[in-house]
Amino acid sequence: MNQMNCDISAVLFDEYQIQTRIRELGLEISNSYKNSTPVMIGILKGGFIFLADLVRSITIPVEVDFLAISSYGTKTSSSGVVKIRKDIDIDITGRDVIVVEDIVDTGLSLAYIKDYIWQHKPSSLKTCVLLDKPDAHKTDVTFDYIGYSIKNEFVVGYGLDFAEKYRNLPFIGILKEELYKC
Ligand code: 5GP
Ligand code: MG
Ligand code: MG
């Protein structure tokens, strides 16, 4: 067992479960955009692994871009105040856009991102979220493609961090509470 695995109290989704769900999402997206080349915008940093796997499960042409945001709050919950750290490079005016996000907690980040993307006047905007915590929402944000709904617990791995660590775990797990609660 490696050092990081000891910090995990339970594995929620293993590599096989994640890849199975991503193949289903990829098929759904491929079928919905048959006559289009959507621009898939991954939200950094948490969404980088999900986007990388998702685009490889999609069988239609896509373009890839990234948006990096930061929100302020504690290490395990966000206040919803968002700043753009890296803007998109592709001109998305009149394009079909799919925002790819790792996890929705309060929903404040995704609500901000959707508003921001709409300002660029895409012809359509859909959102694909790997994990959702419905019990934690503070705004009635909606999304179009969802990997899994989970309980209101802090998870790491598969792109998701705690203080920048654990992103490289190949599975999604619950971080032991004693590591972040005083
Ligand atoms: P929201 O604005 O929906 O509250 O949260 C947005 C961001 O907070 C997510 O994109 C993610 O970066 C971070 N976040 C929320 N819940 C979790 C979690 O359980 N684990 C990790 N690692 N990050 C989370
Ligand atoms: Mg995120
Ligand atoms: Mg984070």
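Here is a short chat about the predicted model above, going from the ligand shell to the core and the sheets.

Local features in this predicted model need pLDDT of at least 70, side-chain atom pairs count only at pLDDT 80 or more, and totals for chains, interfaces and linings use all residues. Residues are numbered from 1 along each chain as its sequence is written, while chains are lettered from A and ligands numbered from 1 in the order in which they are written.

Trainee: Which element supplies the largest share of the shell around ligand 1?
Mentor: Start with the shell itself: 20 residues surround ligand 1, D105 and T106 among the closest, where near means a C-beta atom, placed from the backbone, within 6 Å of the molecule. Helices (H or I, at least four residues) and strands (E, at least two) are DSSP runs, numbered from the N terminus. β4, β5, α3 and β8 each supply at least two shell residues. The largest share, four residues, comes from β5.

Trainee: And which element gives the most to the largest nonpolar core?
Mentor: That core is a set of buried Ala, Val, Leu, Ile, Met, Phe, Trp, Tyr and Cys residues joined through C-beta atoms within 7 Å. Buried means 20 or more other C-beta atoms within 10 Å of a residue's own, exposed means 12 or fewer, and partly exposed is in between, with C-beta atoms placed from the backbone. The core has 36 residues, and I98, V99 and V100 are among those that touch the most other members. With six residues, the biggest contributor to this core is β5.

Trainee: What is the bridge partner of M40 in β5?
Mentor: M40 sits in β2 (residues 39-44), and β2 pairs with β5 in the parallel sense over four bridges; pairing takes at least two DSSP bridges between strands. Five of the six β2 residues are buried. The partner of M40 in β5 is I98.

Trainee: Which residue in β9 stands opposite V156?
Mentor: Look at the open three-strand sheet, with the order β1-β9-β8 and antiparallel pairing. Its edge strands, β1 and β8, each pair on one side only. β8 and β9 (residues 172-175) share two bridges. Opposite V156 stands G173.

Trainee: Is N168 buried or exposed?
Mentor: N168 lies in the loop between β8 and β9, and its C-alpha atom is 25 Å from that of L27, 141 residues apart along the chain. Because just 11 other C-beta atoms lie within 10 Å, N168 counts as exposed.
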